[in-house]
Amino acid sequence: MSLMKFNKRPWGNLVSNDFFNNDDFFNGGSWLGKLEEPAMNVKENDDNFEIELAAPGYDKKDFNVSIDNGCLNISAENSNVKKEEEDNYSRKEFSYTSFQKSLRLPESVADDKIKASYKDGVLKFKIAKKEEAKKHSPKTVEIS
């Protein structure tokens with residue numbers, strides 16, 4: 001017995017092509033969804049680093065952020081269950097999403113001065129640099 005692709009679904013169009021893609025299922029994908037790392041922006045200023053992670057669909061409580069051995073570790077997971085019951089049918093939908101990301105912090109940062117916020121689907125970090133790593137204006141020396 002072997003698995004074969006099928007083109008006709010006995011249940012009609014109850015499940016969309018976006019959800020159940022035969023090609024993805026049979027080529028190593030998953031019909032339950034794909035796990036993808038969130039897009040990330042990193043910006044360096046004179047005084048700090050700013051990191052933004054696009055992570056829509058989460059709540060603040062879904063995130064776990066820690067610093068260990070010079071790494072900023074970020075993970076999140078959430079699950080949703082929707083249940084609908086009527087006289088002649090019942091439908092239950094569920095989803096689970098998660099990600100993990102670790103970033104090696106440069107030695108120039110003060111890892112005790114990291115601020116994080118989450119708003120409108122974007123997780124933001126502001127990581128202060130150590131005082132000796134900040135850019136200072138050059139001092140002029142007068143020649144006599």
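Here are a few friendly questions and answers on a predicted model.

Q: What pattern does the protein follow, read along the sequence?
A: Let's start with the overall layout. The protein has 1 helix and 7 strands. Read from start to end, the order of these elements is α-β-β-β-β-β-β-β.

Q: Is Asp62 buried or exposed?
A: Asp62 sits in the loop between β2 (48-54) and β3 (63-68). Its relative accessible area is 14%, and buried means under 20%. Asp62 is therefore buried.

Q: Which residues is Asp62 in contact with, leaving aside its neighbours within four places in sequence?
A: Close to home in the chain, the side chain of Asp62 reaches the backbone nitrogen of Asp59 at 2.8 Å. Setting aside neighbours within four places in sequence, the contacts of Asp62 are Ser75, Ala76, Glu77 and Asn78.

Q: How far apart are the C-alpha atoms of Phe99 and Asn78?
A: Phe99 belongs to strand β5 (residues 90-104). Along the chain, Phe99 and Asn78 are 21 residues apart. In space, their C-alpha atoms are separated by 9.8 Å.

Q: Which residues touch the most other members of the largest nonpolar core?
A: In soluble globular proteins, nonpolar side chains tend to be buried together. Phe99, at 8% relative accessibility, counts as buried. The largest nonpolar core has 17 residues, and those touching the most other members are Phe63, Leu72, Ile74, Phe99 and Ile127.

Q: What share of the residues of the protein count as buried?
A: The protein exposes about 12000 Å², with carbon and sulfur atoms supplying 48% of it. Of its 144 residues, the share that count as buried is 21%.

Technical notes
Residues are numbered from 1 along each chain as its sequence is written. This is a predicted model: local features need pLDDT of at least 70, side-chain atom pairs count only at pLDDT 80 or more; totals for chains, interfaces and linings use all residues. Side-chain values use heavy atoms; hydrogens and water are left out. Helices (H or I, at least four residues) and strands (E, at least two) are DSSP runs, numbered from the N terminus. Buried means under 20% relative accessible area, exposed over 50%, partly exposed in between (1.4 Å probe, protein chains only). A polar contact is a pair of N or O atoms within 3.5 Å; within protein, one must be able to donate a hydrogen and the other to accept it, and residues adjacent in sequence count only if both atoms are side-chain atoms. Contact means heavy atoms within 4.5 Å. A nonpolar core is a set of buried Ala, Val, Leu, Ile, Met, Phe, Trp, Tyr and Cys residues joined through side-chain atoms within 4.5 Å. Accessible areas come from the Shrake-Rupley method with a 1.4 Å probe; for residues, only the protein chains shown count as cover.
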